Amino acid sequence: MTDTKKIKTIAVLCSGGDSPGMNCAIRSVVRTAIANDLEIYGIQRGYAGLLEGNLKKMDASSVGNILQHGGTILQTSRCPEFHEESIRTEAAHILKRKGIDALVVIGGNGSFNGALALHTEHGTPVMGIPGTIDNDIEGSSYSIGFDTAVQTAIEAVDKIRDTAHSHDRTFIVEVMGRKSPAIALHVGLCTGAENIVFPTKDHNVDIDAIATDIKRGIKRGKGSSIIIAAEGEKVGLSHSIQKELLEKFDIDSRVCILGHIQRGGNPTANDRFLASQMGYTAVKSLVDGKKAIVTAFREGKVIAAPFSECLGKKFDVDPQMVDVVKTLSI
Ligand code: F6P
C-alpha cells in the first residue's frame, strides 16, 4: 500500500467525454501540486494513455494560457478495458515504475469507478474531479462543463427560435446527456421551450400531450413551438417524434441535433470557478493525507466527499422545474 504521508509525485489524467473547463482543472491541479512541492505528471489520453506509459512531467508553464480553452491539453479517451482487474494491475505497476504515488482523475462515473477499483485493489490514492457535460454524478450538484454545454445549447436554440418563428414551425431540438435529463431541463427552461422530452427506460413519449400543446399554442397565435429532446441511449428519438407528429396529427416539424458542439468552446465563468476550486481541493486533500475522495459541489461550496457518495448516476427531474417550463410556455 502506498503511504500517503510520503506522497512526492502525482499524476493527472482526463477520462471519458471531454468537457469545457477540463483545462482549467488541469491547470489548478498542476499549480497546486507545484505550490505544495509535489512533482506532477500529465497522462495523455486517459487510462488508455496510462497503459501505454504516456506520461510527461509538467511545470507551471505547461499549463500557461490554457484555462480559457475548451477541450483538454491532456486529451481523453474511453477505456472499457479498465473494467478488467488484470488491466488495472498493469496500470498500478506502470504507476509504480514511473514513481507516481497518487492519481487525480478528471471525468465521470465510469472513470471514478475505475479509479476507486485501483485504490481498493492496489492502495493507490485517487482523487476524482467531476468533469462531464451530463451533470449526472451523484453527490455533486454540478460537474465541470455542464454550465458551458447548457450555454452553448441555449445560444443555438435562440437561433433556431428565430427561424422557427419566421416560418410558424415546430422544431425538435435534441441535446446531449445520454441517460441524464439535466441539459434538456436547463435548456428547456432557459429558452421557453413548449415541451421537454426526457429519456425513460422504455423511451415512451406522450406524443398526444405534445400535439395538444402545439395546437393550443397555434390557437392562441403562437408562431413557433420548440420541443427539447434529451438524446437518451437510443439513437433516433427526435426523428421518431417528428414522424409521429406528422403521421398522427399532421404537424410538420424540423429536427436539429446539436451534438458535439455542446462539448466544445470556452468554459463559462461558472465552469472556470468550479474547475479551479476542484483542482485545488483535490491536491490539497492528497497533501492532507486523504486517500480516496471526490471534489463535490454542495450548497455553494467545493468539498472533499467520500468516493462511495459519488459513484452512482443521478437522474434529477425536479417536478417544480418541469412545472415552471409548462406554466411559462402556455
Ligand atoms: O460525455 C458525455 C457525452 O457527451 C454524452 O452526453 C453523450 O451521449 C456522449 O458523451 C457521446 O459520446 P461520444 O463523444 O463518445 O460519442
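This passage describes the two open sheets of a predicted model and a helix packed against each.

The first sheet is open and holds seven strands. Their order is E3-E2-E1-E4-E5-E10-E11, and the pairing is mixed. Strand E3 (55-58) and strand E11 (301-306) form the edges, each pairing on one side only. Neighbouring strands of this sheet are turned against each other by 25° on average, with direction ignored.

Within this sheet, strand E1 spans residues 9-14 and strand E2 spans residues 39-43. The two run parallel and are joined by four bridges. Ala11 stands opposite Tyr41 in E2. Helix H1, residues 22-35, lies across E1, E2 and E3. H1 also lies across strand E4 (102-107) and strand E5 (126-130). The helix runs at about 180° to E1.

The other sheet is also open and has four strands, in the order E7-E8-E6-E9. Here the pairing is parallel. The edges are strand E7 (195-197) and strand E9 (253-257), each of which pairs on one side only. From one strand to the next, the twist averages 20°.

Strand E6, residues 170-175, pairs with E9 over five bridges, in the parallel sense. One residue pair can be named: Thr170 has Ser253 in E9 as its bridge partner. Helix H8, residues 237-249, packs on this sheet. H8 touches E6, E7, strand E8 (225-230) and E9. The direction of H8 makes about 175° with that of E9.

How values were computed. Residues are numbered from 1 along each chain as its sequence is written. This is a predicted model: local features need pLDDT of at least 70, side-chain atom pairs count only at pLDDT 80 or more; totals for chains, interfaces and linings use all residues. Side-chain values use heavy atoms; hydrogens and water are left out. Two strands pair if DSSP finds at least two bridges between them. Axes are lines fitted to C-alpha atoms, for helices over the stretch in contact, and angles run from 0 to 180 degrees between N-to-C directions. Contact means heavy atoms within 4.5 Å.
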